[in-house]
Amino acid sequence: MEEKDQKFTSLDQIGEFGLIDILTQGFDTINDSTILSVGDDAAVVDYENEKTLISTDMLVEGVHFDLSYFPLKHLGYKSIVSSISDICAMNGVCNQVTVSIAVSNRFNLESLKELYSGIKVACKNYGVDLIGGDTTSSNKGLIISVTAIGKPSKNGFVQRSGANNNDLIVVSGSLGGAYLGLQVLEREKQVFLVNPESKPDLSSYKNLVHKQLRPEARQDIIKFFEDSDVKPTSMIDISDGLSSEIIHICKNSNKGCSIYEDKLPIDNDTIETCKEFNLESTTIALSGGEEYELLFTVKPDKLKDLEKNPDLSIIGHINSNKEMNLITKSGKNIPIKSMGWKSF
Ligand code: ADP
Ligand code: MG
């Protein structure tokens, strides 16, 4: 035990400024819009005559993540991805992030370096500059706050409120995987608590666990919109589940919708694992959160363009009445209710 502890550096040993120096090392900036980065009282960004998109998110240990199965490197990656996803949901591209952390003395330098290694990979993968943040202590646990800064893509930004009658409702990727990945991890944690000798075999749930621990923001879809000259009429990212997000779009746009159960994109892995957990895959697809997929509406004449992207599914359309319905496989109409994934 003693020997093992010696490998770790306590935060008291290096102090706040030492810690900031170490954590922010090697974050080179690449965007023209980044004028001044880490090291002064404020960062400077220059978007010239362009509009700037800004979004902030906070992640709290025990509320948003559980470190008993969430590797810190993945957590760093996911914290950046989830903020980039918010910029994507505005039809934007993220260029800068700030990262603020509050840490208890339970954490050492090595664990925070792990966190920042994931942050660094995400910044690299998405071409984002880390330009600042704040470092402070907490009484208990870890808190991460990320602010993402970006600009609208060349077709302009998209709000939740622009859906029109007859617009197609489209979703990227597949649904329910992230929620099931979490269920698998929670189950293994319980097994581990009972029998610490147990070694979980997660190989058959690889994709689901991956979707939970290492999600991606759909910047590729924003690029696809630009290349194919498609501008969604409304858009949102799926953080609380499809049903909750389509309700946001409908309410903000003052419209209704019809979603078709048989059009929901659900992977085979998800269907199989739902059976195992005795869950209904449609319910999970509608209510599972943390997907970071994009849900958007487009004018019906864009159908041909959308069909060129195999990762997009048309799942329904907007109505002028304010009813929001799921049309089941047997043709029944069921009102869509918000079941945010946290209330599960
Ligand atoms: P101040 O006293 O003005 O708050 P700090 O000493 O907190 O300044 O921060 C010094 C520099 O380091 C600033 O550029 C700040 O944005 C950056 N910084 C502080 N903490 C972090 C962090 N956790 N991640 C990234 N940058 C950070
Ligand atoms: Mg500070």
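I will go through one sheet of this predicted model and then the surroundings of ligand 1.

Start with the sheet. There are four strands in it, the sheet is open, and the order across it is 3-6-4-5. The pairing is mixed. At the edges sit strand 3, residues 53-60, and strand 5, residues 129-137, and each of these pairs on one side only. On average, neighbouring strands here are turned by 15 degrees against each other, if direction is ignored.

As a reminder, strands of a sheet pair through backbone hydrogen bonds, and the sense can be parallel or antiparallel.

Now strand 6, which covers residues 142-152. On one side, strand 6 is joined to strand 3 by eight bridges, and the two run antiparallel. Two positions help you find this pairing on the screen. Val60 is opposite Ile143 of strand 6, and Asp57 is opposite Val146 of strand 6.

Strand 6 also pairs with strand 4, again in the antiparallel sense, and here the count is 11 bridges. For a landmark in this pairing, take Val97, which faces Ala148 in strand 6.

Is strand 6 mostly covered or mostly open? Mostly covered: of its 11 residues, nine are buried.

Next, the ligand. The shell around ligand 1 has 16 residues, and those that come nearest are Gly39, Asp40, Tyr116, Gly133 and Thr135. By class, the shell holds seven nonpolar residues, five polar ones and four charged ones.

Which elements supply the shell? Helix 2, residues 11-23, strand 4, residues 92-103, and strand 5 each give at least two residues. Strand 5 gives the most, with five. So to place strand 5 in both parts of this talk: strand 5 is an edge strand of the sheet, and strand 5 is also the top contributor to the shell around ligand 1.Three contacts are worth listing by atom type. At Gly39, a backbone N or O atom lies 2.8 Å from an oxygen atom of ligand 1. At Asp134, an N or O atom of the side chain is 3.3 Å from an oxygen atom of the ligand. At Thr135, an N or O atom of the side chain is 2.8 Å from a nitrogen atom of the ligand. As for cover, ligand 1 has 550 Å² of accessible area on its own, and the protein covers 75% of that.

That is the sheet and the ligand shell.

Note on methods
Residues are numbered from 1 along each chain as its sequence is written. Chains are lettered from A and ligands numbered from 1 in the order in which they are written. This is a predicted model: local features need pLDDT of at least 70, side-chain atom pairs count only at pLDDT 80 or more; totals for chains, interfaces and linings use all residues. Side-chain values use heavy atoms; hydrogens and water are left out. Two strands pair if DSSP finds at least two bridges between them. Axes are lines fitted to C-alpha atoms, for helices over the stretch in contact, and angles run from 0 to 180 degrees between N-to-C directions. A residue is near a molecule or strand if one of its heavy atoms lies within 4 Å of it. A polar contact is a pair of N or O atoms within 3.5 Å; within protein, one must be able to donate a hydrogen and the other to accept it, and residues adjacent in sequence count only if both atoms are side-chain atoms. Accessible areas come from the Shrake-Rupley method with a 1.4 Å probe; for residues, only the protein chains shown count as cover. Ala, Val, Leu, Ile, Met, Phe, Trp, Tyr, Cys and Pro count as nonpolar, Asp, Glu, Lys and Arg as charged, and the others, Gly among them, as polar. Buried means under 20% relative accessible area, exposed over 50%, partly exposed in between (1.4 Å probe, protein chains only).
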